[in-house]
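Here are a few notes from going through this one, in numbered points. Have the model open as you read.

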Amino acid sequence: MPAVSKGDGMRGLAVFISDIRNCKSKEAEIKRINKELANIRSKFKGDKALDGYSKKKYVCKLLFIFLLGHDIDFGHMEAVNLLSSNKYTEKQIGYLFISVLVNSNSELIRLINNAIKNDLSSRNPTFMCLALHCIANVGSREMAEAFAGEIPRILVAGDTMDSVKQSAALCLLRLYKTSPDLVLMGEWTSRVVHLLNDQHMGVVTAAISLITCLSQKNPDEFKTCVSLAVSRLSRIVSSASTDLQDYTYYFVPAPWLSCKLLRLLQCYPPPEDGAVKGRLVECLETILNKAQEPPKSKKVQHSNAKNAILFEAISLIIHYDSEPNLLVRACNQLGQFLQHRETNLRYLALESMCTLASSEFSHEAVKTHIETVINALKTERDVSVRQRAADLLYAMCDRSNAKQIVAEMLSYLETADYSIREEMVLKVAILAEKYAVDYSWYVDTILNLIRIAGDYVSEEVWYRVIQIVINRDDVQGYAAKTVFEALQAPACHENMVKVGGYILGEFGNLIAGDPRSSPLVQFNLLHSKFHLCSVPTRALLLSAYIKFINLFPETKSTIQEVLRSDSQIRNSDVELQQRAVEYLKLSSIASTDVLATVLEEMPPFPERESSILAKLKKKKGPGAVSVNELEEGKREAGELNGGGERGGDTHSPTSLPLFSQTTITHSFSHIISSSLVLEDRMQNVVKNNHKQMFFCF
Amino acid sequence: MQFMLLFSRQGKLRLQKWYAPLSDTQKKKISREVIQMVLARKPKMCSFLEWRDLKIVYKRYASLYFCCAVEDQENELITLEIIHRYVELLDKYFGSVCELDIIFNFEKAYYILDEFILGGEAQETSKKNVLKAIEQADMLQEEAETPRSVLEEIGLT
C-alpha cells in the first residue's frame with residue numbers, strides 16, 4: 001500500500017504516477033507525460049515564485065519521468081535551488097535529482113558544490129550525510145577537486161558522528177576510484193588504518209572498504225592494517241551469537257565485516273609475525289570447523305551468510321598457498337559442496353576448486369573428485385554450472401587423467417552450447433598436446449575435434465596438429481591412415497579436408513601400398529571434395545596434387561589433366577589460377593630430380609617458443625600477430641637454421657631453395673611452432689566469451 | 001558493486017542505482033541486456049551469472065527481481081544477503097512491502113538504499129541503525145508546511 005502517511009505524501013505525484021500506470025498504450029503514456037512536462041515548464045517559468053513544497057513536487061515528477069526512460073532537459077536549476085532549503089525533504093529531492101541527472105554545466109556545478117560545502121560545514125549530521133551521499137553518488141572530478149581535501153579531515157575528526165564517518169569513508173573511496181591523483185592520504189594514513197579498531201562496527205565496515213582499496217594501490221603504506229584486521233577477525237569469529245547484537249545476522253556474527261576483513265587480508269602475503277600468523281591460522285581453522293557443525297537455523301540466509309565467510313576464508317587460504325593442512329581441508333569442504341542440494345553451492349564449489357587445482361599442495365586432493373565433476377558435467381541442468389565443471393576438469397588435468405578428461409570433454413562438446421564451443425575446442429587441443437604420451441591418441445583427438453565441432457576449430461588448432469605430425473616420424477603413417485579414413489565420410493568438415501589434404505600430400509606414400517588407399521584412390525578422394533571447398537582449401541589441395549605428382553609418378557597424367565582444365569587455369573581467383581599454372585608447368589618441365597628436391601618432405605618445424613615468439617607477442621600482444629611479422633620471424637628462424645639462401649647451404653639439416661619455400665610453404669608461413677599460441681588464443685576467446693556469453697538465452 | 005536494478009516480471013525497471021560513471025545510453029543498453037538475461041533464467045538455476053567481466057547476482061521476491069552486478073572477485077553469497085538485507089529494510093519501513101510501494105515511493109527506496117550502500121559498498125549492516133537514520137530524517141520534516149491550495153490538496157497540479 002502506498003505509504004502516504006510517511007512524511008508528506010505529495011499527492012500530486014501519486015496521482016500522476018497512477019495516471020501513467022493507467023495508460024493503455026505507449027502513445028497514451030507519452031501524451032500524458034508531455035502534458036505534465038508542459039505544465040511543469042509553465043510553472044517553472046511562471047511569474048509566481050514557487051514555494052518549496054511545489055518545487056519539490058515538480059522536481060520529483062521530473063525525476064520520475066526521467067526514470068521511466070524519457071529525456072529531461074530542464075529542472076536542474078530548480079533542483080539546485082532546493083538544495084539551499086532547510087527543509088530536509090526538499091533538500092533530499094534536490095540532491096536525488098542532481099545525483100541522477102548529472103549535468104556538466106559549470107555554473108550549475110559551482111552552485112551545487114557551494115550547497116554541498118554549506119551542508120558539510122553545517123554540523124548537522126543529517127545534512128552532512130546528504131551532502132556526502134551526493135558526492136559519493138556523483139563522484140565527479142569537480143567534486144573531487146572541491147572536497148577531496150576536506151573529507152579525510154571529517155573522517156578522522158574526534159567529534160564526527162559515527163554515521164557521518166561511515167558516509168565520509170565511502171565517499172572518499174568513490175573519489176579515490178575516480179580521481180586517485182586528487183586524494184592524497186599522506187598524513188591521514190595511520191589514523192584511517194586505526195579506524196579498524198573503532199568501537200562502532202558500522203564505522204569499521206565502511207572504513208575497511210576504503211582501506212582495502214588503498215592497500216591495493218599502496219600496500220606498503222597501509223601494511224599496519226594486517227595485524228589489526230587479524231585481531232578484529234579473531235574477535236568476531238570467536239564471539240558468541242549474542243555478543244554482537246544488531247550486527248549478528250541470522251545467528252552469524254558480522255558476516256559482511258568478516259568477509260571484508262578476509263578480503264583485505266588477501267591484499268597481502270601471509271603475516272610475517274609468528275603470533276599474528278598463528279592467530280590467523282586459528283581463525284581459519286575455526287571457520288572451517290564451524291562449517292561442519294549443525295546449522296543454528298534452517299533459513300537460507302543463515303547458511304548463505306555462514307558459507308559466504310567460508311568461501312572467503314577458502315579464497316584466503318588459496319591466496320596464501322602455504323598451509324598444506326588448510327588447503328587440503330578446504331578441498332575436502334568444497335568436495336562436500338559439490339554434491340550439495342543447492343545449485344548455488346555446487347556452482348561456487350566448482351569455481352573455487354578451479355583455483356585450488358593449480359596449487360601443488362592440493363592438486364592431488366582435487367583430483368580425487370574427478371568422478372563427481374564428470375557427473376556434474378553430464379547431469380547439471382544449469383549451463384553455467386556445467387561450464388564451471390568443464391573449467392575444473394581442464395584445471396585438474398594431468399598425465400594421469402588426461403585421456404579420461406579429454407574423452408569426457410569431447411562427448412560434452414557434442415551437445416555443448418555454441419557460444420562456448422570455441423573455448424572448449426582450444427582447451428581440448430591444449431590438453432591433448434600437453435599430456436599426450438602416445439601421439440596417435442593426440443592425432444585421433446584432434447581429428448575428433450574437427451569431426452564434432454569443425455566450425456569452431458580455429459586455424460591455430462589444425463596448424464598445430466600438422467606441425468606435430470611433421471615433427472614426429474612415429475605418427476606420420478598413423479596420421480595418414482586415420483585422415484584417409486576420416487575423409488571417407490560423406491559429409492566431412494572443410495577443416496578435415498585441409499588437414500587431410502596436407503597430410504596425404506606429405507605422407508600419402510606411407511599408405512599407398514595398400515590397394516584400398518592407392519595413390520589414385522587418394523587423389524580421387526581428395527578431388528571429390530574439391531568443389532565443395534572454399535578458395536583457401538582448394539589452394540591447399542592444389543599443392544597436395546603437385547606433391548602427389550612427385551610421390552606417385554603414375555598419377556601424373558590424371559592430375560595434369562585436372563590442372564589443365566579451364567576451371568583451374570582460368571579460375572577467376574588469382575591464387576588458384578597461379579598455382580594451377582605454376583604447378584602444371586613445374587610438372588611438365590622439371591626433371592624428376594628437381595621435382596623431388598622442390599617437393600621434398602617438409603622439414604621439422606623449429607620449436608620457436610623462445611625469443612622470436614616472445615618478441616612477436618610483445619610487439620603486438622597475444623593472438624594478434626600479423627602474417628608479415630610472422631614471415632619475418634620465420635625468415636629469421638630460417639636464418640638461424642642457415643637455410644635462407646638461394647641454392648641452400650650445408651649448415652641446415654634440410655636446406656630448401658628459397659623459391660620452393662615461397663610457392664609451397666607461403667600459405668603456411670604463419671604456422672607457429674609453439675603451443676603457447678594456442679594458450680594465448682584461448683585466453684582471448686575466454687575474454688570474448690564473457691562479453692558474448694548468454695546471448696543464446 | 002557496479003549497479004543494482006529492480007525490475008518486474010514484465011521487464012519494467014522500478015529502481016536503478018549506478019555506482020560507476022556511465023552515459024545514459026550505456027545505462028539503457030545495459031539495463032535492457034541484463035533484464036533480458038535474468039528474465040530468461042529458469043527457476044532451478046543458480047543465482048549467479050557471468051556477464052562481460054562482471055558477475056550478476058539476482059533473486060526474485062514476489063513480482064520483483066533484485067539484481068546486482070559485482071566485480072569478478074566479489075563474494076557472491078554475501079551479495080545475495082545484501083539483497084536480502086535491502087528487502088528487509090524496505091519491508092520494515094513500508095510494512096509488508098510490495099512492488100506498488102516502490103513505484104509510488106521511489107524516492108524513499110533510493111534513500112533507504114543510500115543509507116545502506118554507498119559508492120557500491122555496504123556502509124551500515126545493522127538493520128536497526130539504518131532504520132533509525134531514516135526515521136530521524138523523516139522526523140525532521142514534521143514541521144509546519146506552507147498551506148497548500150485546494151487544487152494541490154486533491155492532486156490536480
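1. Cysteines first, and keep in mind that this is a predicted model. For A:Cys213, the closest cysteine sulfur belongs to A:Cys267, and at 9.0 Å that is too far for a bond, since a disulfide needs the two sulfurs within 2.5 Å. A:Cys213 is also buried, at 12% relative accessible area.

2. A:Cys259 tells a similar story. Its sulfur has A:Cys283 as the closest cysteine partner, but the gap is 13 Å, again too far for a bond. A:Cys259 is buried too, with a relative accessible area of 4%. Searching the whole structure, over all chains, turns up zero disulfides.

3. Now a helix pair within chain A. Helix 25 (residues 459–471) packs on helix 27 (residues 494–507) with axes 10 Å apart and an angle of about 20 degrees, which means the two run roughly parallel. Their crossing is right-handed.

4. What holds that contact, residue by residue? Helix 25 of chain A brings A:Trp462, A:Val465, A:Ile466, A:Val469 and A:Ile470, while helix 27 of chain A adds residues including A:Val499, A:Tyr502, A:Ile503 and A:Phe507. By class, that contact has nine nonpolar residues, one polar and two charged.

5. Last, a pair across chains. Helix 18 of chain A (residues 343–357) and helix 2 of chain B (residues 76–94) pack at about 145 degrees, their axes 11 Å apart. Chain A contributes A:Asn344, A:Leu345, A:Leu348 and A:Glu351, and chain B contributes B:Glu76, B:Leu77 and B:Leu80. Those residues split into four nonpolar, one polar and two charged.

Conventions:
Residues numbered from 1 in each chain as written. Chains lettered and ligands numbered in written order. Predicted model: local features only at pLDDT ≥ 70, side-chain atom pairs only at ≥ 80, totals over all residues. Heavy atoms only, no water. Buried < 20%, exposed > 50% of the residue type's maximum accessible area, 1.4 Å probe, protein only. Axes fitted to C-alpha atoms, helices over the stretch in contact; angles between N-to-C directions. Helix = DSSP H or I, 4+ residues; strand = E, 2+ residues; numbered from the N terminus. Contact = heavy atoms within 4.5 Å. Nonpolar A, V, L, I, M, F, W, Y, C, P; charged D, E, K, R; others polar. Parallel < 35°, antiparallel > 145°, perpendicular 65-115°, else oblique. Left-handed = near helix turned anticlockwise from the far one by under 90°.
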